[in-house]
Amino acid sequence: MELQELFKRLSYGELSALSIGMEGAGAIAEDQQGKVQSHIELALKALHARFILRRGFHTLTIVEGQKSYDLSLLIPDLVKILSVGREDDPLTSKNEAQPFGINRHDDLCGTIQILSHDEILFESAIAGERYTIEYQAGHPSLPDPLDLEAQVRILPALEEALQVRVAAGIFSGMSGEAHVAKSVQLMNRYEALCAVAEEGDLAQDDTTSGFDRLRDKGFI
């Protein structure tokens, strides 16, 4: 949906009683739009970290003498590594394509270690080998300066959760016990909406990859 559509929903809904939501007029006050967009960015970041809403793929070529790779320098939207697989070399008659276990020490062909969420270690890879890294990707940054026609990409099943999380952030920045209580109420509602999505796999982020070992080792 477009950013202006999300503004309208917030104005009609969770922010309808506030001047920032123009008392339910269907828009966000112009001088407050940047502030609301920053809260939308934070909410999108939280949802894309919690659910696999976007997947990305990056091909990494092993460099002679280098074992560890800082993926933040290669993949700006990286949230979490999901799987790694060696690609086939088309110049040979043998099929070298192989999924690799992550953070395991019982692989006959070597191991791949996750040093942090964005750093990976290839213990026995050979220079020139190519690996496909599948990763959980974050939401693209919204444009600055603000563009009301910018796309906010979120699954329909999580649109309400996004709205509620944004509103909770706005109320949390306001003084007064009533506003603090409203923020807590909204965050509880957000958690409930996310729980429903997780329970029913409405985000469809369940992975069936046979070589995704991150969950086994506590990285997910």
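**Exercise 1. Find the salt bridge that E134 forms, and place both partners in the chain.**

Step 1. E134 pairs with R55, and their closest N and O atoms are 2.7 Å apart. A salt bridge here is a side-chain nitrogen of Lys or Arg within 4 Å of a carboxyl oxygen of Asp or Glu.

Step 2. E134 sits in strand β7 and R55 in strand β1 (residues 55–61). The two are 79 residues apart, so the pair links distant parts of the chain. Helices (H or I, at least four residues) and strands (E, at least two) are DSSP runs, numbered from the N terminus.

Step 3. E134 has 14% relative accessibility and counts as buried. R55, at 34%, counts as partly exposed. The cut-offs are under 20% relative accessible area for buried, over 50% for exposed, and partly exposed in between (1.4 Å probe, protein chains only).

A note on the model: it is predicted, so local features need pLDDT of at least 70 and side-chain atom pairs count only at pLDDT 80 or more, while totals for chains, interfaces and linings use all residues. Residues are numbered from 1 along each chain as its sequence is written, and side-chain values use heavy atoms, with hydrogens and water left out.

**Exercise 2. Trace the salt bridges of R9 with E5 and with E159.**

Step 1. Start with E5. Its closest N and O atoms with R9 are 3.1 Å apart. Both residues lie in helix α1, four residues apart, about one turn of the helix.

Step 2. Check exposure. E5 is partly exposed, at 25% relative accessible area. R9 is partly exposed too, at 26%.

Step 3. Move to E159. Its side chain meets that of R9 in a salt bridge of 2.6 Å, N to O. This pair links distant parts of the chain: E159 is in helix α3, R9 in helix α1, 150 residues apart. E159 counts as buried, at 17% relative accessibility.

Step 4. Join the pieces. Salt bridges that share partners tie E5, K8, R9 and E159 into one network. The whole structure holds 11 salt bridges.

**Exercise 3. Describe helix α2 and what its buried residues pack against.**

Step 1. Helix α2 covers residues 33–50, 18 residues in all. From first C-alpha to last it reaches 26 Å, close to the 26 Å expected at 1.5 Å a residue. That expected span is 1.5 Å times one less than the number of residues.

Step 2. List the buried residues: Q33, V36, Q37, H39, I40, A43, L44, A46, L47 and H48.

Step 3. Name the neighbours. These buried residues pack against α1 (3–12), β3 (78–86), β7 (130–137), α3 (159–172) and α4 (177–199).

**Exercise 4. Sort the lining of the largest pocket by residue type.**

Step 1. The lining divides into six nonpolar, four polar and three charged residues. Ala, Val, Leu, Ile, Met, Phe, Trp, Tyr, Cys and Pro count as nonpolar; Asp, Glu, Lys and Arg as charged; the others, Gly among them, as polar.

Step 2. Find the main contributor. The largest share, five residues, comes from α2.

**Exercise 5. Summarise the secondary structure of the protein chain.**

Step 1. Count the elements: four helices and seven strands.

Step 2. Read along the sequence. The pattern is α-α-β-β-β-β-β-β-β-α-α.

Step 3. Add burial. Of the 220 residues in the chain, 40% are buried.

Methods: Contact = heavy atoms within 4.5 Å.
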